[in-house]
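Biologist: Got the model open. Can you walk me through it?

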Amino acid sequence: MDVDGKTRLYGIVGKPVSHSLSPAMHNAAFQHCGLNKIYLAFDVEDITGAMAGLRSLGIGGVSVTMPHKQAVIPLLDGIDPVAQRIGAVNTLLIRDGAIRGYNTDWIGAVQALEMIADLSAATVLLLGAGGSARAIGFGLKEKGVQVIVANRTLAKGQALAGELDCECCPLAEIDHLNVDALVNTTSVGMAPNTAATPISQTLLENIPAVMDIIYVPSETRLLREAKEVGCKTVNGMYMLLYQGVAQFELWNDCDAPVEVMREALFSRLGSSS
Ligand code: NAP
């Protein structure tokens, strides 16, 4: 891609960001679509200063990652209502100097889950009550899904369930539940602790579909054991992909080249599954 005087700049702001796969995914998509745009990673400590820079430099849009997903909200000119309810923003769209915030994490998670489960009239067990659980919980509610939260720290699970207006089940009692899908949003099983799993395999026998939002490793112990007992499964790489697809479509007036983005992402994560 030739960079010239008309090239528009996009990027990701966070700290750290050097490990981010978003530049590979978005640059592949820009290039495939013949867009005169590039996407870079910005290691940012001072988010207030960065926001002023985004405005004055005429940057088209950015992804926002930890630790700025909440801190960015008071600095926006506008916010999407779902992002407002979630209380976290992972995407900025900048037009004529005005910055509007969105959350595409929930869209990515819901689209990934829809690969293995019919969410109409579904009940989904959400394991965890951290930042990702919050975004996914609000997203599932947005889709009309019945959500049940279960978390190691019961009080945190109850607090999230209160905000989502849904049930909270103590982890020790989830064997009594009848659900259509399970989503693991905890970090249990993430590299380097790949021998860990958040729930025992016997509990998976009655759950038709299991999604793990962890993407390193691409197949966690939870997903391996779920496959062994016949569950449909999807890994966290698809949530990552579809949150990026939704970002691309916010920034550009065209459909995202999903297969190009998938290849760019999955080849770097060392799996094509
Ligand atoms: P977070 O806000 O720190 O929440 C962590 C959650 O994991 C909490 O519910 C915590 O429970 C639970 N947890 C941690 N250690 C545990 C253990 N040993 N046993 C049981 N529960 C445990 O983290 P997050 O930002 O939501 O991220 C969670 C995971 O999602 C990470 O693995 C991250 O890589 C992944 N992620 C994936 C994507 C994607 O696009 N695929 C996007 C974002 C994040 P307590 O409340 O009891 O501490």
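Biologist: Start with Ala 121. Buried or exposed?
Modeller: Ala 121 is exposed, at 78% relative accessibility. Exposed means over 50% relative accessible area, buried under 20%, and partly exposed in between, with a 1.4 Å probe and protein chains only.

Biologist: What are the ground rules here?
Modeller: This is a predicted model, so local features need pLDDT of at least 70 and side-chain atom pairs count only at pLDDT 80 or more, while totals for chains, interfaces and linings use all residues. Residues are numbered from 1 along each chain as its sequence is written, and side-chain values use heavy atoms, with hydrogens and water left out.

Biologist: Where does Ala 121 sit?
Modeller: Ala 121 is in the loop between helix 4 (105-114) and strand 7 (123-127). Helices (H or I, at least four residues) and strands (E, at least two) are DSSP runs, numbered from the N terminus.

Biologist: What is the phi of Ala 121?
Modeller: About 65°, so positive, although Ala 121 is not a glycine. Most residues other than glycine have a negative phi.

Biologist: Which other residue, not a glycine, has a positive phi?
Modeller: Asp 96, with phi near 50°. Asp 96 lies in the loop between strand 5 and strand 6 (98-102). Asp 96 is exposed, with a relative accessible area of 85%.

Biologist: And which peptide bonds are cis?
Modeller: Met 66 to Pro 67 is cis, with omega about 5°. Ala 191 to Pro 192 is cis too, with omega about 10°. Pro 67 falls in the loop between strand 3 (61-64) and strand 4 (78-79). Pro 192 falls in the loop between strand 10 and helix 7 (201-204).

Biologist: Now strand 10. Ala 181 there: buried or exposed?
Modeller: Ala 181 is buried, at 1% relative accessible area. Strand 10 covers residues 181-184.

Biologist: What does Ala 181 touch?
Modeller: Beyond residues up to four places away in sequence, Ala 181 touches Leu 113, Ala 117, Thr 123, Val 124, Leu 125, Ile 207 and Ala 209. Contact means heavy atoms within 4.5 Å.

Biologist: How far is Ala 181 from Ala 121?
Modeller: 12 Å in space, C-alpha to C-alpha, and 60 residues in sequence.

Biologist: Switching to the ligand. Which residues come nearest?
Modeller: Ala 129, Ser 132, Asn 151, Thr 153 and Ile 213, out of 20 residues around the ligand. A residue counts as near if one of its heavy atoms lies within 4 Å.

Biologist: How does that shell break down by class?
Modeller: 8 nonpolar, 10 polar and 2 charged residues. Ala, Val, Leu, Ile, Met, Phe, Trp, Tyr, Cys and Pro count as nonpolar, Asp, Glu, Lys and Arg as charged, and the others, Gly among them, as polar.

Biologist: Which helix gives the largest share of the shell?
Modeller: Helix 9, with 3 residues. Helix 5 (131-142) and helix 9 (236-251) each supply at least two.

Biologist: What polar contacts does the ligand make?
Modeller: A polar contact is a pair of N or O atoms within 3.5 Å; within protein, one must be able to donate a hydrogen and the other to accept it, and residues adjacent in sequence count only if both atoms are side-chain atoms. A ligand oxygen is 2.8 Å from a polar backbone atom of Ser 132. A ligand oxygen is also 3.3 Å from a side-chain N or O atom of Lys 156. A ligand nitrogen lies 2.8 Å from a backbone N or O atom of Ile 213.

Biologist: How much of the ligand does the protein bury?
Modeller: 71% of the 930 Å² that the ligand exposes when taken alone. Those areas come from the Shrake-Rupley method with a 1.4 Å probe; for residues, only the protein chains shown count as cover.

Biologist: And how is the chain divided?
Modeller: Into domain 1 (8-103 + 243-269) and domain 2 (107-234). The bounds come from an automatic or database domain assignment. The C-alpha centres of the two domains lie 26 Å apart. Their contact takes 8 residues from domain 1 and 8 residues from domain 2.

Biologist: Last one, Asn 90. Where is it?
Modeller: Asn 90 is in the loop between helix 3 (81-86) and strand 5 (91-95). Asn 90 is buried, at 2% relative accessible area. A polar side-chain atom of Asn 90 lies 2.7 Å from the backbone nitrogen of Thr 104.
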